[in-house]
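Trainee: I have just opened this one. Could you walk me through it step by step?

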Amino acid sequence: MDYYGSDVETDDCKKPLLQRADNDEVEKAPACCSSRYGLAVIACYGFFVAYALRVNLSVAMVDMINTNMTGNVSSSLCPSQGPPRPKHNHSASVYDWDSKTQGWILGSFFYGYILTQIPGGYLARIYGAKWLLGIGILGTVIFTLVTPLAADMGAGYLIAVRVLEGIGEGVTFPAMHSMWASWAPPLERSRLLTISYAGAQLGTVVALPLSGEICYYLDWTYVFYVFGAIGLLWFVLWAFLVSSTPDAHRTISDQERLYITSSLKKELSHSSESVPWGSILSSLPLWAIVVAHFSYNWTFYTLLTLLPTYMNNILGFSIKQNGTLSALPYLGCWLLSLLGGQLADRLRETCHFSTVAVRKAFTLIGMIGPSVFLVAAGHTGCDYVLAVAFLTISSALGGFSASGFNINHLDIAPSYAGILLGITNTFATIPGMVGPVIARALTPHNTLEEWQTVFYISAGINVFGAIFFTIFGKGVVQPWAFQKMHSHDN
């Protein structure tokens, strides 16, 4: 049967109803206890693991460095804010890595991460996303567990392990986007995707302070063992509770399966169809996402890898305080990404805002707002309360972009969403590769002026990306994505 969208009047807005051509309504399946929202929760846990494994080195690095070595800073620019360290946490090895080596170690993850972006989206489309994503994160977990051994063997070995972690984790976002192309009804995309990807911010929020506590009371090696164990538990849940498509799910209700497949009937092409690479690569709306994704990630990855260093070397926070305060910006980002997802879908579903208007508005707020407060944070001097407040507001506002450019792939080409995300995330990974290296090269003496330069560069790139997406972004399925399209939106 063919399906089409119709509008039924409500008090102040219109509420879409999915109907079949013979006028038999297909009821919207309840969200509570549903398989699609269950997938979102387990996916959230998965991205929690992925980002916890990605960022824990940023905090551990503060404790891994021999601060008595010439060239490494042993005291902060601002007065120390922390208590003296207990003597029992000096049992782990420390290393004579200079600032440049630290930058390469922190950035090495992304050299592997970039390699599996496009292959991840393609393989997920052909073979299914479940096992690709699961094995990718499992590989990252295994290499995380051997990180202390690699560090003892030398910086080169640690860099190699981080590259391998990146290779495993590189498939996660393309595979998840590909899975949501089969699971997320169009008018629930913002909600479902922000719930699942909010795990990234939540993983950062938990990993940063918990890593600081572990370093403070135990030593830095336990950071990798604890989060590795958490990752192993997730893989077991993922293996037994998740399916790549609604049709393959063992416990989904017939009502929910019909609701999902009916809502996506007019948007998906068969996975056996050839990929229109030429049309994809020449699509200006796709390049608008590329530019926005690259720009946003420049700021995100610079702070993700170097915020603990800034907290320690400039603001003078101890390792215990460092993790907690470094997590505050990502707590704000997590909260606003979830709230933004609810608001974005409400604006589209019940108040008939166009998809493109919502995506552009949330992108502007989520990129220009952070730029303003990031620059302001660089001019707070040693006022650590104001500095932390501005950095928190900056990252928190970035959460709105989760309902902006970040999920626009599913709007313009749901059948190829995994491949499109692989393409955009390939370019968006470059900031993770070069951002920490450039930032550390610009801050050899850890002065406020040097860090202001880092913040200005990040803010400028962010503003450019937001403007580019606003001019060239689109909100409807593109002609090359499906031959006979029926769009629910303009």
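Mentor: Gladly! Keep in mind that the model is predicted. Let's begin with its surface: the accessible surface of the chain comes to about 18,600 Å², and carbon and sulfur atoms hold 65% of that.

Trainee: How many helices and strands does the chain have?

Mentor: The chain has 490 residues, and 59% of them count as buried. Among contacts with a separation of 6 or more, 84% are between residues 24 or more positions apart. As for the elements you ask about, the count is 18 helices and 2 strands.

Trainee: Which helix gives the most to the nonpolar surface patch?

Mentor: The patch covers about 660 Å² and is made by Ile118, Tyr122, Leu123, Ile126, Tyr127, Trp277 and Leu281. Helix 3 (117-127) and helix 11 (277-281) each supply at least two of its residues. With 5 residues, the top contributor is helix 3.

Trainee: Is tyrosine 127 buried or exposed?

Mentor: Tyrosine 127 sits in helix 3 and is part of the nonpolar patch. Its relative accessible area is 68%. Exposed means over 50%, so with 68% tyrosine 127 is exposed.

Trainee: What does tryptophan 287 touch, beyond residues up to four places away in sequence?

Mentor: Tryptophan 287 belongs to helix 12 (residues 284-313), and at 28% relative accessibility it counts as partly exposed. Its C-alpha atom is 8.5 Å from that of glycine 473, although the two are 186 residues apart along the chain. The residues that tryptophan 287 touches are Leu281, Ser282, Phe427 and Phe468.

Trainee: Which residues are closest to the centre of the largest cavity?

Mentor: A search of the whole structure finds 6 cavities of 30 Å³ or more, and the largest cavity holds about 330 Å³ of space. Its lining has 24 residues, and those closest to the centre are Tyr51, Phe173, Gln201, Tyr296 and Asn406.

Trainee: Which helices each supply at least two residues of the lining of the largest cavity?

Mentor: We have met one of them already, since helix 12 is where tryptophan 287 lies. The full set is helix 7 (172-183), helix 8 (189-217), helix 12, helix 13 (319-349) and helix 17 (417-442).

Trainee: Why does the salt bridge between glutamate 169 and arginine 54 tie together parts that are apart in sequence?

Mentor: Side chains of opposite charge can pair when their charged atoms come close. Here the N to O distance is 2.9 Å, and both partners are buried, glutamate 169 at 1% relative accessibility and arginine 54 at 3%. Glutamate 169 lies in helix 6 (residues 155-169) and arginine 54 in helix 1 (residues 35-64), so the parts being tied are apart in sequence by 115 residues.

Trainee: And where do glutamate 165 and arginine 162 lie?

Mentor: Their side chains meet in a salt bridge of 3.3 Å, N to O, and both residues are buried. They are 3 residues apart, about one turn of the helix, and both lie in helix 6.

Trainee: Which residue forms a salt bridge with aspartate 411?

Mentor: Aspartate 411 lies in helix 16 (residues 409-412) and counts as buried at 3% relative accessibility. Leaving aside neighbours within four places in sequence, its contacts include Arg189, Arg348 and Arg359. The closest N and O atoms of the bridge are 3.8 Å apart, and the partner is arginine 189.

Trainee: How many salt bridges does the structure hold?

Mentor: Some of them share partners, joining Arg191, Asp345, Arg348 and Glu349 into one network. Counted over the structure, the number of salt bridges is 11.

Notes
Residues are numbered from 1 along each chain as its sequence is written. This is a predicted model: local features need pLDDT of at least 70, side-chain atom pairs count only at pLDDT 80 or more; totals for chains, interfaces and linings use all residues. Side-chain values use heavy atoms; hydrogens and water are left out. Helices (H or I, at least four residues) and strands (E, at least two) are DSSP runs, numbered from the N terminus. Buried means under 20% relative accessible area, exposed over 50%, partly exposed in between (1.4 Å probe, protein chains only). Contact means heavy atoms within 4.5 Å. Patches are made of residues with over 30% relative accessible area and no salt bridge: like charges are joined within 9 Å, nonpolar side chains (Val, Leu, Ile, Met, Phe, Trp, Tyr) within 5 Å. Accessible areas come from the Shrake-Rupley method with a 1.4 Å probe; for residues, only the protein chains shown count as cover. A salt bridge is a side-chain nitrogen of Lys or Arg within 4 Å of a carboxyl oxygen of Asp or Glu. On a 1 Å grid over the protein atoms alone, a cavity is a set of points where a 1.4 Å probe fits but cannot get out, and a pocket is an open set with protein on both sides within 12 Å along at least five of seven lines; lining residues have an atom within 4 Å of a point. Grid points are joined across faces, edges and corners, and a volume is the space filled by probe spheres set on the points.
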